[in-house]
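Q: Could you take a close look at one strand of this protein and walk me through its pairing partners?

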Amino acid sequence: MKRLFSIKFLLALLIAAVMSLPAYAEKVYNTDIAIIGAGATGLSAGVQASLLGAKVIVIEKQAIPGGTSNFAEGLFAAESSLQKRQGIDVSKEFAFKTIMDYSHWRANAPLVSAFVNKSAETIEWLKQFGIQYEYIGVGGFGGPLTWHVVGDYLGEDGKHYHHGAAVVQALTKALKDKGGQLLLQTPGKSLIVKNGKVAGVMAEDKDGEKVIINAKAVVIGTGGFANNKEMMKQFSRYPDMIFIGQIGKMGEGIQMAWAAGADKEGVDVMQSYRPGLAGFHPASHLIAAAVQPYLFVDPQGHRYTDESNITEWPQSGNALERIGGTAYSIYDETTKQMFINDGIQMPLGEWVIFGTKLDKLEQDFSKELSKNNGNVFKCNTIEEVAAKIGADPKVLKATVERNNKAAEMHKDDLYHKKADYLRPVAKAPFYVTKLNPRALGTLGGIKINERTEVINTKGAVIPGLYAGGLDAGGMYGDSYDLKLGGGTFGFAINSGRIAGENAVKFISK
């Protein structure tokens with residue numbers, strides 16, 4: 001009898017324990033278009049589709065929308081009303097040919113054409129949501145004026161937003177105003193495929209509950225895979241890339257598309273940025289000094305590049321990757337005092353503009369030097385510099401002497417660098433900063449066509465599936481193109497709009 005009582009008691013405890021566990025019920029939504037990712041691509045797609053009368057749900061795994069779009073500054077356009085008003089002559093023909101020539105026609109020509117042709121219209125499209133523009137700038141220093149830098153935007157919270165963050169705030173508001181739903185902290189997990197068509201997305205909310213979104217079409221815009229070490233190791237030309245402003249970019253959208261049969265394109269292309277060091281903000285005065293275009297050497301002490309290619313930083317990044325990913329910037333006391341008292345010669349976008357006096361350089365350099373981590377050195381002789389970086393002192397001394405001779409003669413016989421950027425390294429102490437490759441994101445993964453429809457491994461369209469922004473390949477050849485400023489942010493917004501439009505056409509058939 002006692003044994004029977006014990007069994008019943010244990011059974012009761014087990015039932016009570018099971019009943020006390022949290023219930024993971026499914027949440028089911030039905031919509032016209034489901035969008036994975038609430039960055040510039042996803043928000044643009046959602047707003048565009050909503051404007052055309054579609055019911056839209058956007059899911060985002062982060063707690064706030066925007067992702068790295070919040071750090072963008074401006075977007076590309078050719079033949080915009082602002083350019084025309086200011087007499088800026090950047091035609092669509094010029095822009096298209098510039099992009100295609102830069103890529104040696106490895107870019108997807110129909111996609112590039114669709115992007116360029118829509119770009120001016122998108123500048124106007126954003127205005128209806130309260131977006132204003134500060135000015136039109138360049139990409140690479142001295143290049144064509146295509147970079148429409150976004151100005152101030154007053155958010156619903158009463159705060160002022162600028163640049164990419166302004167666009168994110170404006171589009172988020174527009175999405176909600178048009179009846180679209182935004183589900184934050186809801187990462188997508190897999191696509192729903194029925195009868196060969198994409199019919200929704202499986203997701204998960206912050207409580208771990210399963211979310212099913214049934215949809216007639218899906219748009220992917222999750223922002224690439226910069227934070228996925230395994231994907232970087234498998235696909236990148238330089239797996240140890242230092243990424244700036246990338247959080248949680250694990251490539252889920254790309255992987256979902258691949259799992260549904262999508263082909264790959266551009267998965268090895270990075271948005272190469274100015275070389276620098278891990279953990280430093282783009283506005284760091286230490287880095288601003290180091291990337292002025294004067295003297296860069298490899299670990300053996302050889303000058304390996306025309307330093308002025310920092311003006312089009314993807315090229316500077318390529319050169320650094322080619323030699324193994326480590327270089328050193330060297331300047332002397334005279335140049336350091338010029339940085340502090342007169343300002344820098346080479347601007348770093350909006351972060352550190354031309355002529356900025358590096359009043360934090362001394363503090364930043366001394367702080368890093370005290371860490372004794374090999375990132376910076378202060379030396380009294382060139383021989384000491386060589387010892388610090390592990391170079392043959394004879395090789396480094398010959399490199400410095402040749403550099404100083406070029407500065408004296410105003411002529412670079414080795415790489416034919418512009419004379420304005422030839423400066424001697426002569427007065428001790430000498431300041432050395434390590435340089436490693438950095439990037440602003442990955443630039444490919446999913447193969448799409450000019451309508452942003454996803455293409456499978458057999459060359460056919462996957463019905464109901466669209467992708468854009470950093471998840472989509474085809475806009476570039478083997479390198480990020482800085483010839484026309486604002487390209488990446490512009491492609492994110494324009495490809496999102498194109499995806500939204502075509503998704504609505506698809507579901508209306």
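**Strand β20 and its partners**

A: Happy to! Let's begin with one contact: F243 stands opposite A439 in β20. Strands here are DSSP runs of E with at least two residues, numbered from the N terminus, and two strands pair if DSSP finds at least two bridges between them. This is a predicted model, in which local features need pLDDT of at least 70, side-chain atom pairs count only at pLDDT 80 or more, and totals for chains, interfaces and linings use all residues. Residues are numbered from 1 along each chain as its sequence is written, and side-chain values use heavy atoms, with hydrogens and water left out.

The F243 contact belongs to the pairing of β20 with strand β14 (residues 242-243), which is parallel and has 2 bridges. A439 is also the bridge partner of S272. That second link brings in strand β16 (residues 270-276), which runs antiparallel to β20 and is joined to it by 4 bridges.

Two further strands pair with β20. Strand β18 (residues 327-332) does so in the antiparallel sense, over 6 bridges, and here Y328 stands opposite K434. Strand β19 (residues 376-379) is antiparallel to β20 as well, with 4 bridges; in this pairing F377 has V432 as its bridge partner.

As general background, strands of a sheet pair through backbone hydrogen bonds, either parallel or antiparallel.

Finally, burial: β20 spans residues 430-442 and is mostly covered, with 11 of its 13 residues buried. Buried means under 20% relative accessible area, exposed over 50% and partly exposed in between, using a 1.4 Å probe and protein chains only.
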